[in-house]
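This report describes a protein complex, moving from its chains to selected helices and residues. Please keep the model open while reading.

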Amino acid sequence: MPQVDHNPRAIVIGGGATGCAVARDLALRGFGVTLVEFGDLGSGTSSRFHGMLQSGARYAVSDTDYAAECMRERLIVADLAAGVVEQTGGLFVSLPDDPPEFSDRFYDGCLSANIPVEELDPDLVMAREPAISRHVLRAFSVPDATVQSWRLVNLLADDVRRRGGEILTRHQVIGMKVRNGRMCGVRVTSAAGEVTLEADVVLNAAGPWSARVAAMVGRTVDLELSKGSIIALSHRMVSHAVNRCRPPTSHDIIVPTGTVGLFGATSEVVGDPDTTNVRGQEIQELLNNAEVLLPEVRNYRVYRAWAGVRPLFKPKGWPSEKPVPRRHSVINHGDDGLVGFFTVCGGSLTTHRSMAEDLGNQVCLSLGFDAKCISAITPLTRGKNGHGWRPADNYRGIEEDRCYQSLVCECEAVTQSEVIDLIENHGIKHIHDLRRRLRIGFGPCQGTFCGSRVAALIARYHPDFASNDDLGRFWVERLKGIVHTAWGQQARQALLSDTVYRETLGVRLKPELATSADYR
Amino acid sequence: MLHSGVFIGIDHGSANVLGSMDQCTKCGICNAHCPVAAVTREFPGPKYCGPQAQRFRLAGSVPEWSPMLCSGCGVCTSVCPNNVAISDIITLAKADIVGGGDRISLGQRLLNRPDLIGRLGGKFPTLTNTLLGSSIVRRIVESLFGIHRSAPLPEVHGRKFRKWLASHDQENGPIVSYFSGCAIENYDPDVGIALVRLLNHLGYKVQVPTDRCCSLPMLSSGETGPARARVQALVDALHPSVLTGQKIISTSTSCSLTLRAKYAAYLDMTDDKSGEVASAVVDACEFLLDGHAGRLRKCLNAMPLRVLYHGPCQLRGHKMGTPAVELMQLIPEINLQLSQADCCGIGGTYGYEKNKHDIALAVGASLVEQVRQFEPDIIVCDSETCRWNIEARTSVECVHPVQLLMRAIDGRG
């Protein structure tokens with residue numbers, strides 16, 4: 001086994017939750033780390049989901065080991081990143097359509113996976129959650145939570161930077177450097193030109209794009225890409241994440257996230273990791289299914305719809321009728337002749353840390369580098385961790401300071417000082433990147449009134465800011481999610497919003513903005 | 001038909017009021033029309049306090065201040081193109097902030113009971129009026145109760161209206177009920193007397209089933225706890241008249257709007273009985289205009305006066321146009337001008353509070369300016385606290401439309 005006598009250098013490809021966790025894990029072990037992300041941090045699958053920090057109960061019957069891992073990790077994440085986790089709690093409700101025998105198996109599965117589960121009186125649950133079906137037969141509470149994934153990803157990245165690592169966003173890997181059967185670096189391109197980065201190991205954490213990354217050096221990763229579409233409903237009609245108590249499938253969960261309720265998700269095998277469009281028919285299908293759990297769902301406004309692509313790892317020879325396992329896998333491509341190249345895939349946002357730990361252990365083993373994983377016991381944030389995140393915290397702050405005049409995004413109560421801090425101290429210069437970090441444009445108006453205010457603030461600090469293009473791109477991207485939910489009041493909103501952008505602000509929606517792939 | 005279904009909340013409870021937040025498109029028309037937001041940066045406006053903040057209220061309770069600065073005028077709701085019950089959302093938020101009345105100030109508690117104060121003060125009207133007319137007493141009241149020393153407190157009149165009615169002979173005719181409310185009973189008997197005489201003139205016999213208060217001050221300041229029993233008693237007292245098919249006529253657009261729409265919106269009183277009472281309530285001017293204009297025209301004498309009409313904020317909530325204006329236009333030779341101000345500033349009991357008095361003055365400034373320029377002989381307004389406020393701010397006599405009409409009939413122009 002080779003022994004390294006210096007601190008090894010690692011390149012991590014992919015800036016989602018997994019990639020950032022891998023970078024942090026290795027930085028904590030003493031590696032020199034460079035993370036390369038072709039869009040903004042967390043702009044892929046890590047943010048295109050319903051925001052659950054799972055207790056694992058969902059998989060308690062189908063995959064008890066994975067459920068137990070989720071529970072362990074859920075506690076660790078909620079502890080390390082308390083400020084981005086909302087402890088909503090979760091409910092599993094059995095409705096007349098759900099298989100009655102599943103409930104007992106569910107309860108036993110949770111116990112086996114060490115998930116604290118409690119059966120509740122259905123009447124109590126229906127009183128506590130007035131928006132859900134009046135036909136709850138059995139109900140269980142589990143410690144589900146929600147997480148602000150963009151904020152989590154940025155916390156991880158900030159910690160990597162603090163520990164000397166480098167985070168390169170909007171850098172795309174265009175080639176790999178291989179010498180004598182060893183991976184020794186990658187070639188990346190960005191607005192600043194092309195450059196080669198040297199490293200001892202290259203770690204592929206590109207989620208649904210990881211097969212493409214591996215293909216650059218002729219390696220395969222057996223992914224099953226599964227698209228999940230989600231709709232954002234107008235407000236928090238539930239206070240817990242409410243699941244159907246049945247074998248995990250599509251359309252069975254409503255999650256209170258921020259100020260909205262997210263219902264999802266569909267599940268559809270796709271070929272292209274960039275498949276993030278949502279068809280109108282999928283939305284109707286979501287609403288039809290949602291009606292069983294949320295009888296009033298058609299009276300709520302649907303703000304937008306989006307989709308993410310789950311990178312599930314499907315081992316060779318896996319029977320097609322069996323659901324693909326959710327647990328992650330680490331592939332050491334050294335086993336098929338390319339030393340120093342690893343891929344991690346599968347898993348979920350909840351298990352991002354243990355995925356990184358698993359990968360880190362294998363990397364250290366292959367390098368003969370003796371360093372233990374300390375990511376679960378090293379504080380992620382400086383200073384006190386504080387209480388958990390509450391979506392009303394922003395509103396609370398504004399009421400306390402009476403700083404009404406400084407509101408930038410009214411729907412999500414985002415103030416000027418938050419925007420300026422990111423522009424000034426974190427080098428952010430796109431409306432999109434502020435949106436991800438601050439929830440700008442997430443509310444009913446979907447960016448109608450905050451876009452121009454944000455643009456004005458960016459322009460104050462970046463005189464060369466192309467505000468018209470950036471606003472156009474922002475609005476085109478917002479429209480993409482609204483267009484299939486634009487009936488009733490949201491259609492009215494879309495018309496008002498479009499008029500504000502085109503007529504009042506004079507933003508030119510160039511054809512190339514409308515046809516370009518996702519702005520990440 | 002006297003329209004009832006158009007009111008947001010008349011047959012729906014608070015859930016519908018709050019649910020209307022989803023209709024907001026953030027257009028900001030409500031903010032542009034809000035008379036309070038126009039004069040102070042302390043108040044972030046109805047869009048913020050209403051549909052916007054409501055989304056956060058569902059996500060967890062936080063200490064709030066801004067809703068308490070809303071005067072409850074309801075202009076926001078009436079201009080909203082998306083039927084968001086903005087003002088009602090804010091009022092329900094106020095009730096939460098003050099814990100349904102548990103955390104309400106002593107001064108507001110007093111203001112919320114105009115019937116009680118009127119009844120107590122009415123036992124010794126001369127003494128009460130002398131005391132409350134003294135600036136020293138008003139300073140003491142201000143420091144004890146937070147009621148501003150120059151807020152327009154009305155004079156108490158004992159129970160003059162009731163006494164007058166008891167000795168007033170009415171000929172037989174179709175019977176109508178008059179909801180006089182606590183203001184007519186205790187502070188403004190002349191309006192009631194004018195209405196009864198006017199209705200008698202048109203051949204009606206007037207009944208006054210109760211002198212209870214509609215409890216609007218309680219509801220609009222969030223004291224919903226104690227309001228419930230009072231409101232139920234009022235509904236019970238009015239319902240027998242409704243059962244006999246009578247209309248319930250009101251000379252106060254604010255009391256009548258409360259009866260028509262607010263018990264359902266704020267107290268979830270969506271039962272049939274409350275709904276029947278709500279549907280039977282009709283504004284006095286609306287009633288007079290509907291089928292009586294021809295007869296009135298014949299008996300109104302010329303009145304060559306400069307008259308300024310200020311429609312109170314709650315009038316808009318009725319969605320019935322401005323029947324008072326149409327009635328006054330029947331008076332020959334009247335020189336009628338309409339107020340350009342959205343609100344006189346008093347907002348029911350809002351402007352009485354020490355910390356809101358300056359805002360109320362600023363809101364009412366444009367009306368005062370219009371009065372200065374137009375120099376009316378008389379001002380007309382359908383709501384009592386507005387009248388007391390306008391009279392105090394302008395020193396011009398301010399009366400209810402039925403008083404003006406009765407004067408025209410009497411030839412006292």
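Among contacts in chain A between residues at least 6 apart in sequence, what percentage join residues at least 24 apart? In this predicted model, the share is 72%.

## Chain A overall

The secondary structure of chain A consists of 15 helices and 23 strands. Its C-alpha trace extends about 65 × 60 × 45 Å along the principal axes. For 520 residues, a compact globule would be expected to have a radius of gyration near 24 Å; the value for chain A is 23 Å, which agrees. Buried residues account for 55% of the 520 residues of chain A.

## Chain B overall

Chain B contains 22 helices and eight strands. Its C-alpha trace spans about 60 × 50 × 40 Å along the principal axes. The radius of gyration of chain B is 20 Å, in agreement with the value near 22 Å for a compact globule of 413 residues. Of these 413 residues, 54% are buried. Where contacts in chain B have a separation of 6 or more, 79% are between residues 24 or more positions apart.

## Confidence and the contact between the chains

The predictor assigns the complex an ipTM of 0.88 and a pTM of 0.91. The average pLDDT of chain B is 91, and 97% of its residues score at least 70. Residues 1-11 of chain B, however, have a pLDDT below 50, although this stretch has 28 contacts in the model beyond near neighbours in sequence. Where pLDDT is low, the predicted coordinates should not be read in detail.

The contact between the chains involves 26 residues from chain A and 22 residues from chain B. On the side of chain B that touches chain A, there are 11 nonpolar, five polar and six charged residues.

## Helix α5 of chain B

Helix α5 of chain B comprises the 12 residues 86-97. At 1.5 Å a residue, α5(B) should span 16 Å, and the distance of 17 Å between its end C-alpha atoms agrees with this. Is α5(B) largely enclosed or largely open? Because 10 of its 12 residues are buried, α5(B) is largely enclosed by the rest of the structure. The buried residues include the charged side chains B:Asp88 and B:Lys94, along with B:Ile86, B:Ile89, B:Ile90 and B:Leu92. After α5(B) comes B:Gly99, with a positive phi near 60°.

## Helix α20 of chain B

Helix α20 of chain B covers residues 357-374, and its 18 residues should span 26 Å at 1.5 Å a residue; the end C-alpha atoms are 25 Å apart, which agrees. The helix nevertheless bends by about 45° at B:Ala365. Its buried residues are B:His357, B:Ile359, B:Ala360, B:Val363, B:Gly364, B:Leu367 and B:Val371. An α-helix has 3.6 residues a turn, so residues three or four places apart point the same way. The cover over the buried residues of α20(B) includes β5 (306-309), β7 (378-380) and α21 (384-394) of chain B.

B:Glu369 also belongs to helix α20 of chain B. This residue counts as exposed because it has 12 C-beta neighbours inside 10 Å, and exposure requires 12 or fewer. B:Glu369 and B:Thr394 are 25 residues apart along the chain, with 9.2 Å between their C-alpha atoms. α20(B) is followed by B:Glu375, which has a positive phi near 50°.

## Backbone features in loops

Most residues other than glycine have a negative phi, and most peptide bonds are trans. In chain A, the peptide bond from A:Gly264 to A:Ala265 is cis, with omega near -20°. A:Ala265 lies in the loop between β17 (260-264) and β18 (268-270) of chain A.

A:Arg402, which is not a glycine, has a positive phi of about 50°. A:Arg402 occupies the loop between α9 (393-401) and β22 (407-409) of chain A and is partly exposed, with 13 C-beta neighbours inside 10 Å. In chain B, B:Ser395 also has a positive phi, near 60°. B:Ser395 lies in the loop between α21 and β8 (398-399) and counts as exposed, with 9 C-beta neighbours inside 10 Å.

## A:Asn468 in helix α13

A:Asn468 is located in helix α13 (residues 467-482) of chain A. With 15 other C-beta atoms within 10 Å, A:Asn468 is partly exposed. Apart from neighbours within four places in sequence, A:Asn468 is in contact with A:Val507 and A:Arg508. A:Val242 is 226 residues from A:Asn468 in sequence, and their C-alpha atoms are 41 Å apart in space.

How values were computed: Residues numbered from 1 in each chain as written. Chains lettered and ligands numbered in written order. Predicted model: local features only at pLDDT ≥ 70, side-chain atom pairs only at ≥ 80, totals over all residues. Helix = DSSP H or I, 4+ residues; strand = E, 2+ residues; numbered from the N terminus. Expected span 1.5 Å × (residues − 1). Bend = angle between axes of the 7 residues up to and from the residue. Buried ≥ 20, exposed ≤ 12 C-beta atoms within 10 Å, placed from the backbone. Contact = placed C-beta atoms within 7 Å. Rg over C-alpha atoms; globule rule 2.2 N^0.38 Å. pLDDT = per-residue confidence, 0-100.
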